[in-house]
Amino acid sequence: QLRRELPRDDEIPFDAAHRYMATLHHSHDHGAFAMLKGAPERVFAMCDSELRDAGAAPLDAASWRAQVERLAADGQRVLAFATRPMPA
């Protein structure tokens with residue numbers, strides 16, 4: 001159902017050199033957005049803000065890195081995700 005509601009219009013496939021993949025979607029209300037997932041350090045480098053309960057705030061990359069390191073120390077594989085509105 002989600003794929004019907006937010007179809008994928010384009011993508012940058014995962015590449016080990018990039019260490020991320022990205023997709024472009026549009027919604028039926030004429031909005032568009034990009035989704036990104038990949039290695040946390042690569043995604044953090046492309047972001048300047050994070051979404052919190054109160055709205056957008058400057059990215060606290062140090063805090064996110066510490067969380068990634070804790071998870072990785074427990075043997076977890078960690079991916080970061082980001083989104084950005086795009087012109088329709």
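## F33 and strand β3

Not counting residues up to four places away in sequence, F33 touches L6, T23, L24, H25, T83, R84, P85 and M86. In this predicted model, F33 is found in strand β3, which covers residues 32-38. The contacts of F33 include T23 and H25, both of which are taken up in the next section. Towards the end of the chain, the C-alpha atoms of F33 and A88 are separated by 8.3 Å, although the two residues are 55 residues apart along the chain.

## T23 and H25 in strand β2

Strand β2 spans residues 20-26 and contains H25, and T23 also has its place in this strand. H25 is buried because its relative accessible area, 11%, is under the 20% cut-off, and T23, with a relative accessible area of 9%, is likewise buried. A polar contact joins the side chain of T23 to the side chain of H25 at 2.7 Å, while a polar atom of the H25 side chain lies 3.1 Å from the backbone oxygen of L6.

Leaving aside neighbours within four places in sequence, H25 is in contact with L6, P7, R8, D9, G31, A32, F33 and M35. With neighbours within four places again left aside, T23 is in contact with R8, D10, E11, F33, A34 and M35. R8 is thus one of the residues in contact with H25, and R8 is also one of those in contact with T23; F33 and M35 likewise appear among the contacts of H25 and among those of T23.

## The nonpolar core

Nine residues form the largest nonpolar core, namely Y20, A22, L36, V43, F44, V68, V78, A80 and A82. At least two residues of this core are supplied by each of β2, α2 (40-45) and β6 (80-86). In soluble globular proteins, nonpolar side chains tend to be buried together.

V43, one of the core residues, is in contact with L36, K37, G38, A80, F81 and A82 when its neighbours within four places in sequence are left aside. Among these partners, L36, A80 and A82 are themselves listed in the core.

## R19 in the β1-β2 loop

The loop between β1 (8-15) and β2 holds R19, a residue that has a positive phi of about 65° although it is not a glycine. Most residues other than glycine have a negative phi. R19 counts as partly exposed because its relative accessibility of 33% falls between the cut-offs of 20% and 50%.

## The protein as a whole

Three helices and six strands make up the secondary structure of the protein, and from the N terminus on, these elements run in the order α-β-β-β-α-β-β-α-β. Taken along the principal axes, the box filled by the C-alpha atoms is roughly 40 × 35 × 25 Å. Of the contacts between residues at least 6 apart in sequence, 34% join residues at least 24 apart.

Of the 88 residues in the protein, 25% are buried. The accessible surface comes to about 6800 Å², and carbon and sulfur atoms account for 55% of this surface. As for charge, the protein has 11 positive and 13 negative charges, whose mean positions are 4 Å apart.

Terms used. Residues numbered from 1 in each chain as written. Predicted model: local features only at pLDDT ≥ 70, side-chain atom pairs only at ≥ 80, totals over all residues. Heavy atoms only, no water. Helix = DSSP H or I, 4+ residues; strand = E, 2+ residues; numbered from the N terminus. Buried < 20%, exposed > 50% of the residue type's maximum accessible area, 1.4 Å probe, protein only. Polar contact = N/O pair within 3.5 Å; in protein donor to acceptor, adjacent residues only side chain to side chain. Contact = heavy atoms within 4.5 Å. Core = buried A, V, L, I, M, F, W, Y, C linked by side-chain atoms within 4.5 Å. Areas by Shrake-Rupley, 256 points an atom, 1.4 Å probe, with all protein chains shown as cover. Lys, Arg positive; Asp, Glu negative; His and termini not counted. Charge placed at Lys NZ, Arg CZ, Asp CG, Glu CD.
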